[in-house]
Amino acid sequence: MSTTGSGRQPDRVEVSEFLLTQSVCVFSTVDSTGAPQGATVAFSETKNGGFLIGTSATSRKATNIDGDPHVALTITDLEKRYTVQAEG
């Protein structure tokens with residue numbers, strides 16, 4: 001969530017509260033050719049601010065992560081137009 005309606009950055013508590021209202025995100029990985037690949041997946045936030053997603057060990061996501069662990073998540077509330085982005 002880049003800014004709130006007032007133009008300020010939300011704090012960690014506000015981000016966590018927002019994430020509790022969301023259940024899916026776009027999970028992006030990079031394939032072996034360097035091309036980005038995105039998939040809509042269910043997610044949950046961990047107590048230490050990380051994210052969990054479920055996927056098959058044979059999925060493109062898992063194969064891509066084995067080759068390049070860099071990923072990104074985009075969580076959006078379309079009605080409020082709030083977005084949280086995480087990269088790592």
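Start by selecting strand 1 (residues 24–30) and strand 2 (36–45). These two strands run antiparallel and are joined by seven bridges; strands count as paired if DSSP finds at least two bridges between them. Helices (H or I, at least four residues) and strands (E, at least two) are DSSP runs, numbered from the N terminus. What you are viewing is a predicted model, where local features need pLDDT of at least 70, side-chain atom pairs count only at pLDDT 80 or more, and totals for chains, interfaces and linings use all residues. Residues are numbered from 1 along each chain as its sequence is written, and side-chain values use heavy atoms, with hydrogens and water left out.

Now click on V26: its bridge partner in strand 2 is T40. Follow the chain into the hairpin of strand 1 and strand 2, where five residues lie between the strands and G34 takes a positive phi near 90 degrees.

Stay with strand 1 and show its side chains. In a regular strand the side chains alternate between the two faces of the sheet. Here C25, F27 and T29 make up the covered face, while V24, V26, S28 and V30 form the uncovered one.

Next, add strand 4 (72–77). Strand 1 pairs with strand 4 too, through three bridges, and they run antiparallel. Select S28 and you will find A72 of strand 4 opposite.

From strand 4, move on to strand 5 (residues 82–87). Six bridges join these two antiparallel strands, and L73 has A86 in strand 5 as its bridge partner. Strand 4 and strand 5 form a hairpin with four residues between them, and R81 in the turn has a positive phi of about 60 degrees.

Time for helix 1 (residues 12–20). At its start, find D11: one of its side-chain oxygens comes within 3.1 Å of the backbone nitrogen of V13. Which residues of helix 1 are buried? They are V15, F18 and L19, where buried means under 20% relative accessible area, exposed over 50% and partly exposed in between (1.4 Å probe, protein chains only). These buried residues cover an arc of only 100 degrees around the axis, so they sit on the same side of helix 1; the arc is that of the directions from the helix axis to the C-beta atoms. An α-helix has 3.6 residues a turn, so residues three or four places apart point the same way. Turn to the other side of helix 1 to see V13 and L20, which are exposed. The buried residues pack against strand 2, strand 3 (51–53), strand 4 and strand 5.

Now select F18 together with Y82. Why is this pair called edge-to-face? The ring centres of F18 and Y82 are 6.1 Å apart and the planes stand at 85 degrees, so the pair is edge-to-face. Rings of Phe, Tyr and Trp (its six-membered ring) pair if their centres lie within 6.5 Å; planes under 30 degrees apart count as stacked, over 60 as edge-to-face and the rest as tilted. F18 in helix 1 and Y82 in strand 5 are 64 residues apart, so the pair links distant parts of the chain. F18 is buried, at 6% relative accessibility, whereas Y82 is partly exposed at 27%.

Finally, zoom out. The protein chain has two helices and five strands, in the order α-β-β-β-α-β-β from the N terminus on. Its C-alpha trace spans about 40 × 25 × 25 Å along the principal axes, and buried residues make up 27% of the 88 residues.

Conventions: Contact means heavy atoms within 4.5 Å. A polar contact is a pair of N or O atoms within 3.5 Å; within protein, one must be able to donate a hydrogen and the other to accept it, and residues adjacent in sequence count only if both atoms are side-chain atoms.
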